[in-house]
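Subject: Structure handover

Hi,

Here is the structure we talked about. Please open it alongside this email; my notes follow below.

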Amino acid sequence: MRILLVEDDKVLADALTRALVQSAYAVDVVATGEQADQALAAQVHDLAILDIGLPGMTGLEVLKRLRARRSVMPVLMLTAFDTLADRVRGLDLGADDYLAKPFDLPELEARVRALLRRGAQTTPVIEHGALTFDTVARRVFHAGKPVELSARELALLELLLLREGRVVSKEHIVNHLYGWNDEVGANAIEVYVYRLRKKLEPYGCEIRTIRGMGYLVERSHAPAG
Ligand code: CA
């Protein structure tokens with residue numbers, strides 16, 4: 001999952017980025033409304049965290065332009081104070097949720113998860129055979145025992161499981177796993193798929209390569225009961 005963070009307060013932006021990257025999200029940061037507008041037009045993000053008070057174009061204007069392009073991307077607005085006027089305008093313009101500063105990181109992360117879940121129409125726990133992916137704890141379990149995965153492997157597995165039964169292209173994976181500042185080696189995705197495949201093989205979760213198209217995890221049949 002890839003998040004665009006629009007925040008001109010560098011200290012706050014850095015703190016949020018650290019927390020989100022730790023939770024295995026790819027994060028891109030911009031500090032102006034104009035940059036945000038451009039970045040959002042590329043349509044590679046799964047969610048935007050948008051500060052209202054920005055130099056130049058405001059967050060509300062960015063949101064208005066995003067919705068005018070008929071994008072349904074979930075947007076979490078950040079407001080400097082809990083002003084009713086900003087909140088109402090934001091929601092009217094199509095924000096999905098808002099947080100007033102100052103806020104606690106766990107609350108921001110909980111709202112991010114809720115919005116991403118809404119977009120993907122999944123429950124907090126994705127089940128695949130005997131594997132369970134807890135999107136809240138950001139952990140994977142097999143028959144109740146934790147499966148150790150790196151942040152990137154976890155993010156890759158999430159992408160594949162959210163599109164269970166469908167081919168996920170390499171381009172989609174690159175777009176949702178990496179931010180602008182991440183270097184993506186030529187074979188990076190192959191390497192992660194290889195590692196993840198090795199780790200999941202014992203648990204009966206198979207990642208198929210569909211030549212020229214991408215990768216696929218077949219739909220699992222939930223165990224009876
Ligand atoms: Ca600001």
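Which domains does the domain assignment of the protein give? There is domain 1, covering 2-120, and domain 2, covering 125-217. Please keep in mind that this is a predicted model. The centres of the two domains, taken over C-alpha atoms, are separated by 26 Å. Their contact takes 17 residues from domain 1 and 14 residues from domain 2.

**Strand S1 and its neighbours**

Start with strand S1, residues 2-6. Five of its five residues are buried, so the strand is largely enclosed by the rest of the structure. Arg-2, Leu-4 and Val-6 point one way from S1. Ile-3 and Leu-5 point the other way.

S1 has strand S2 (residues 26-30) as a parallel partner, joined by five bridges. S1 also pairs with strand S3 (residues 47-51), again in the parallel sense, over four bridges. Leu-5 is a handy marker for both pairings. It stands opposite Val-29 in S2, and its bridge partner in S3 is Ile-49. Helix H1 (residues 10-22) completes a right-handed β-α-β unit with S1 and S2.

**Going on from S3**

S3 pairs with S4 in the parallel sense over four bridges. Here Ala-48 has Val-75 as its bridge partner in S4. Together with helix H3 (residues 59-68), S3 and S4 make a right-handed β-α-β unit.

Strand S4 covers residues 75-79. Five of the five are buried, so S4 is largely enclosed by the rest of the structure. Val-75, Met-77 and Thr-79 point one way, and Leu-76 and Leu-78 the other way. S4 pairs in turn with strand S5 (residues 97-100), in the parallel sense and over four bridges. In that pairing, Thr-79 has Ala-100 in S5 as its bridge partner.

**The calcium site**

What coordinates the calcium ion? The donors are Asp-8 (OD), Asp-51 (OD) and Gly-53 (O), at 2.2 to 2.4 Å. Along the chain they follow the spacing D-x42-D-x1-G. Asp-8 lies in the loop between S1 and H1, and Asp-51 lies in strand S3, so the pair ties together parts that are 43 residues apart in sequence.

Are these two aspartates buried or exposed? Asp-8 is partly exposed, with a relative accessible area of 37%. Asp-51 is buried, at 3%.

**His-45**

His-45 is found in the loop between helix H2 (33-41) and S3. This histidine is buried, with a relative accessible area of 6%. Its side chain makes a polar contact of 2.7 Å with the side chain of Asp-28. Leaving out residues up to four places away in sequence, His-45 touches Arg-2, Ile-3, Leu-4, Asp-28, Ala-39, Met-73 and Trp-180. Arg-2, Ile-3 and Leu-4 also appear above, among the residues of S1.

**Val-27**

Val-27 is found in strand S2. It is buried, with a relative accessible area of 12%. Which residues does Val-27 touch, not counting residues up to four places away in sequence? They are Ile-3, Leu-5, Thr-17, Leu-20, Val-21 and Gly-179. Have a look at Trp-180 as well. Its C-alpha atom and that of Val-27 are separated by 8.3 Å, while the two residues are 153 residues apart along the chain.

**Backbone points to check**

Three places in the backbone deserve a look.

- Lys-101 and Pro-102 are joined by a cis peptide bond, with omega about -5°. Pro-102 is found in the loop between S5 and helix H5 (105-120).
- Gln-43 has a phi near 55°, a positive value in a residue other than glycine. It is found in the loop between H2 and S3. At 58% relative accessibility, Gln-43 counts as exposed.
- Arg-70 has a phi near 65°, also positive in a residue other than glycine. It lies in the loop between H3 and S4. Arg-70 is exposed, with a relative accessible area of 75%.

Best wishes

How values were computed
Residues numbered from 1 in each chain as written. Predicted model: local features only at pLDDT ≥ 70, side-chain atom pairs only at ≥ 80, totals over all residues. Heavy atoms only, no water. Buried < 20%, exposed > 50% of the residue type's maximum accessible area, 1.4 Å probe, protein only. Helix = DSSP H or I, 4+ residues; strand = E, 2+ residues; numbered from the N terminus. Pairing = 2+ DSSP bridges. Right-handed = clockwise from strand over helix to strand, strands pointing away. Donors = N, O, S within 2.8 Å, 3.2 Å for Na, K, Ca; no water. Polar contact = N/O pair within 3.5 Å; in protein donor to acceptor, adjacent residues only side chain to side chain. Contact = heavy atoms within 4.5 Å. Domains from an automatic or database assignment.
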